[in-house]
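Colleague: Can you walk me through this one? I'd like to begin with the surface.

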Amino acid sequence: RGAPGFKPQSSPSPPKGEVPSVTPPPPTEAVGASGVTWRDDVARWALFASLALMIGVVGIRLLVLPRVVDPRVERRVYLLGTLGAFLALNTGIAGFVIRSANALQVSGVDLLYADLSPFAESTRFGNAFLVTTFGFGICLTILVLAWVLDAPLLRWPAFLLALVLVWGYPLSGHQGTEPNSTALTEIADWVHLVTAMLWVGGVLTLAVVVWPLAPDLRRAAFLRFSRIAVFLIGVLLAAGTFVSIQRLPE
């Protein structure tokens, strides 16, 4: 943070025809690393929106809507859930690259040739990125197969796996790395994120799936979701309050 003039070391010019490489400093020695920027904020919000789209839409389809629905409703649920998984996979990669560029002091053209493996393999954030990226790739594959094979039950393993993968963010974020963080703050943060994603995704499902495509389901779907929403909001507030009490004093 205190060495703004620091630049990563570059290897000598490679022989003609070979790809140049840039060797960044180890993550633990990145003295001039920048903090969180607006790009990190955009990447985080994009990731949250993507996960809300996947987890929320698929979850509300499984938990709220009846077993048999209009084929148009089913197609839109498949489309939104698959799109959410695709976006979660790619926004996660974008967020990792942005954070790597900040931490390893590599930017611009050099970033294209930089070795990001030290950040991916030697930090908790990097380890979480590797696991979640692989996991969301599996979720995307399962959702595509469920759509192509018309096998709606396959959405259950994708939904449950996505819920587990969300744990990677509290584990590698402030709730798992700061001095006054505990296992309870990690659990509370995970619950906070999951309930928020389900609530946002549920509202989106009612607005863009049920309301325009299934008028006959509106009343039943809104009533069933409202019962779940009360529970989700209550848990979300409780988890957020607990994390605030534990963390904000420091």
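Modeller: Sure. Bear in mind that this is a predicted model. A good place to begin is Leu-149, which counts as exposed because its relative accessibility is 57%.

Colleague: Which element is Leu-149 in?

Modeller: Leu-149 sits in helix 5.

Colleague: And which residues form the nonpolar patch on the surface?

Modeller: The patch is made of Leu-79, Val-144, Leu-145, Trp-147, Val-148, Leu-149 and Leu-154. Together they have about 620 Å² of accessible area.

Colleague: Which helix gives the most to that patch?

Modeller: Helix 5, residues 124-149, with five residues.

Colleague: Let's zoom out. How many helices and strands are there in the protein?

Modeller: There are 10 helices and two strands. From the N terminus, the order is β-β-α-α-α-α-α-α-α-α-α-α.

Colleague: What share of the residues counts as buried?

Modeller: 43% of the 250 residues. The accessible surface of the protein is about 13600 Å². Carbon and sulfur atoms account for 68% of that surface.

Colleague: And the contacts? What percentage join residues at least 24 apart?

Modeller: 74%, taken among contacts between residues at least 6 apart in sequence.

Colleague: On to the interior. Which residues of the largest nonpolar core touch the most other members?

Modeller: Leu-51, Met-54, Ile-55, Phe-136, Phe-159, Val-166 and Met-197. That core has 29 residues.

Colleague: Which elements give two or more residues to this core?

Modeller: Helix 1, helix 2 (71-104), helix 5, helix 6 (155-165), helix 9 (183-213) and helix 10. Helix 1 gives the most, with eight residues.

Colleague: Take Phe-136. What does Phe-136 touch?

Modeller: Leaving out residues up to four places away in sequence, Phe-136 touches Leu-51, Met-54, Leu-89, Ala-162, Leu-165 and Tyr-169. Apart from the largest core there is another, of 18 residues. Its members include Val-57, Leu-65, Leu-206 and Ala-214.

Colleague: Now charges. How many salt bridges does a search of the whole structure find?

Modeller: Four. One of them pairs Asp-40 with Arg-99, with the closest N and O atoms 3.1 Å apart. Asp-40 is in helix 1 and Arg-99 in helix 2, so this bridge ties together parts that are 59 residues apart in sequence.

Colleague: Are Asp-40 and Arg-99 buried or exposed?

Modeller: Both Asp-40 and Arg-99 are buried.

Colleague: What about Glu-74? Which residue does Glu-74 form a salt bridge with?

Modeller: Arg-61, with the closest N and O atoms at 2.9 Å. This pair also connects distant parts of the chain, as Glu-74 is in helix 2 and Arg-61 in helix 1, 13 residues apart.

Colleague: And why does Arg-61 count as buried?

Modeller: Because its relative accessibility is 4%, and buried means under 20%. Glu-74 is buried too.

Colleague: What is Arg-61 in contact with?

Modeller: Pro-66, Arg-67, Val-69, Glu-74, Val-77 and Arg-155, leaving aside its neighbours within four places in sequence. Arg-61, Glu-74 and Arg-155 are also linked in a network of salt bridges.

Colleague: Which side chain meets Asp-70 in a salt bridge?

Modeller: That of Arg-72, at 3.4 Å from N to O. Arg-72 counts as partly exposed because its relative accessibility is 40%. Asp-70, at 31%, counts as partly exposed as well.

Colleague: Last stop, helix 10. How far apart are its end C-alpha atoms?

Modeller: They are 41 Å apart. Helix 10 has 30 residues, 218-247, and should span 44 Å at 1.5 Å a residue, so the two values agree.

Colleague: Which residues of helix 10 are buried?

Modeller: Ala-221, Phe-225, Ala-229, Leu-232, Leu-236, Ala-239, Gly-240, Val-243 and Arg-247.

Colleague: Why would residues three or four places apart point the same way?

Modeller: Because an α-helix has 3.6 residues a turn.

Colleague: And Leu-248, where is its place?

Modeller: Leu-248 is in the segment after helix 10. With a relative accessible area of 68%, Leu-248 is exposed. Its C-alpha lies 9.9 Å from that of Asn-180, while the two residues are 68 apart in sequence.

Conventions: Residues are numbered from 1 along each chain as its sequence is written. This is a predicted model: local features need pLDDT of at least 70, side-chain atom pairs count only at pLDDT 80 or more; totals for chains, interfaces and linings use all residues. Side-chain values use heavy atoms; hydrogens and water are left out. Patches are made of residues with over 30% relative accessible area and no salt bridge: like charges are joined within 9 Å, nonpolar side chains (Val, Leu, Ile, Met, Phe, Trp, Tyr) within 5 Å. Accessible areas come from the Shrake-Rupley method with a 1.4 Å probe; for residues, only the protein chains shown count as cover. Helices (H or I, at least four residues) and strands (E, at least two) are DSSP runs, numbered from the N terminus. Buried means under 20% relative accessible area, exposed over 50%, partly exposed in between (1.4 Å probe, protein chains only). The expected span of a helix is 1.5 Å times one less than its number of residues. Contact means heavy atoms within 4.5 Å. A nonpolar core is a set of buried Ala, Val, Leu, Ile, Met, Phe, Trp, Tyr and Cys residues joined through side-chain atoms within 4.5 Å.
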